[in-house]
Amino acid sequence: MKRTSTRLADGREILYYDTGDGAPRAFPDTRPLAASAAATRSEVRRDRLLGDHVVIASHRQGRTYHPPADACPLCPSTEGRASEIPAPHYEVAVFENRFPSLVGDTGRCEVICFTPDHLTSFAELDEERAALVLAAWSDRTAELSARGGIRQVYCFENRGAEIGVTLAHPHGQIYALPFVTPRTTRMLATVADHRARTGGNLFDEVLAAERAEGTRVVLETEQWTAFVPYAARWPYEVHLYPRHRVPDLPALGDAARAEFPRVYLELLRRFDRLFDRPEPTPYISAWHQAPTGEGREDFALHLELFTVRRTADKLKYLAGTESGMEAYMNDVRPEDAAARLREVASA
């Protein structure tokens, strides 16, 4: 993998990731941009009752919203139309978000573009490109985790207007957070309590139990296991675990890295075959990684993939119980969801 780092017109960093030596990537950004990122301010506030952190970033009200395809800021720049990516071609590109939720002392937000092709999706990438994306995720996690004040790195992809995506180009995001997210905090507390009571690792036991029981296992290889969790919150939700527990993406072994592209692409393609619709299935794909400090020894890296669609013509909205009280009500039995995801496997 080759990594090239350069700067955009307003001072933000952009990195290009290539499978080989690649073509030159250090193209100048010709846009007349002010130093907007440096002037941006965000604030992290703590909820005194819940203990959760909330980011206040009012400047994001003016971010780019559903531009036409010929004005996409994530496509390569062309003669007469400069975008966020100055190079006329790229494989994988990562740059600081122009409208970040976190900036400066509060953290960092990056955009990762999986392909220059506006009309494709991650599921349509080949294994070599998916492997390069994994390498970029790992590289960014390692670098951002080493920065002062960063407590957790979160790599994720939102896809589909139903999810709230405002840019249709295939891309994800990487957040370097100055706090441990509420979901991870709860996981760490549960895992620590289990360790204190039993001496065992709860992540290991959950994975072993799902593999032994089998009815919710969707896909299994020598290095990875994908299953619908016993208490799934979403109609179609899959958790993907490496068979050998590691705390984060940089810690993945070579064998797991080699197998990941095939496994992940298969899962995404199955999601696209879940419903009899011409449109791709909307989803959120979220990497759960250990914090940079405490709890790393017992945490298990895993990916959670879920869709808000529950049938071909119905969405799963977070209603009063979910949004108001965080008490989830699922309309699809996890065992049925797993069976359906096995049914739509590639031939």
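This report describes a sheet, a helix that lies across part of that sheet, and two loop residues in a predicted model.

**The sheet**

The model contains an open sheet of 11 strands, paired antiparallel in the order 1-2-5-6-8-7-12-13-11-10-9. At its edges are strand 1 (2-7) and strand 9 (217-220), each of which pairs on one side only. On average, neighbouring strands of this sheet are turned by 20° against each other, direction ignored. Strands of a sheet pair through backbone hydrogen bonds, either parallel or antiparallel. At the strand 9 edge, three bridges join strand 9 to strand 10 (residues 224-227), and the two run antiparallel. One pairing there is that of Leu 219 with Ala 226 in strand 10.

**Helix 4**

Helix 4 (residues 202-213) lies across strand 9, strand 10, strand 11 (236-242) and strand 13 (302-307), and runs at about 75° to strand 10. The helix has 12 residues and reaches 16 Å from its first C-alpha to its last, close to the 16 Å expected at 1.5 Å a residue. Phe 203, Leu 207 and Glu 210 are buried in helix 4. They cover an arc of only 65° around the axis, so they sit on the same side of helix 4. The buried residues of helix 4 pack against strand 9, strand 10, strand 11 and strand 13, and also against helix 3 (182-198).

**The C-terminal span**

An unreviewed UniProt entry annotates residues 195-345 as "domain: Galactose-1-phosphate uridyl transferase C-terminal". This span is 34% helix and 21% strand, and the C-alpha atoms at the ends of residues 195-345 lie 37 Å apart.

**Two loop residues**

The table sets out two residues found in loops.

| Residue | Loop between | Relative accessibility |
|---|---|---|
| Pro 282 | helix 5 (254-272) and strand 12 (283-288) | 1%, buried |
| Glu 326 | helix 6 (320-325) and helix 7 (334-343) | 53%, exposed |

Pro 282 counts as buried because its relative accessibility of 1% falls under the 20% cut-off. Leaving aside residues up to four places away in sequence, Pro 282 touches Arg 159, Gly 160, Glu 162, Ile 163, Phe 306, Thr 307, Val 308 and Arg 309. Of these contacts, Glu 162 is 120 residues from Pro 282 along the chain, yet their C-alpha atoms are separated by 6.4 Å.

Glu 326 has a positive phi of about 55° although it is not a glycine. Most residues other than glycine have a negative phi. Glu 326 counts as exposed because its relative accessible area of 53% is over the 50% cut-off.

How values were computed
Residues numbered from 1 in each chain as written. Predicted model: local features only at pLDDT ≥ 70, side-chain atom pairs only at ≥ 80, totals over all residues. Heavy atoms only, no water. Helix = DSSP H or I, 4+ residues; strand = E, 2+ residues; numbered from the N terminus. Buried < 20%, exposed > 50% of the residue type's maximum accessible area, 1.4 Å probe, protein only. UniProt positions renumbered as here; feature names shortened; annotations may be inferred. Contact = heavy atoms within 4.5 Å. Pairing = 2+ DSSP bridges. Axes fitted to C-alpha atoms, helices over the stretch in contact; angles between N-to-C directions. Expected span 1.5 Å × (residues − 1). Arc of directions from axis to C-beta.
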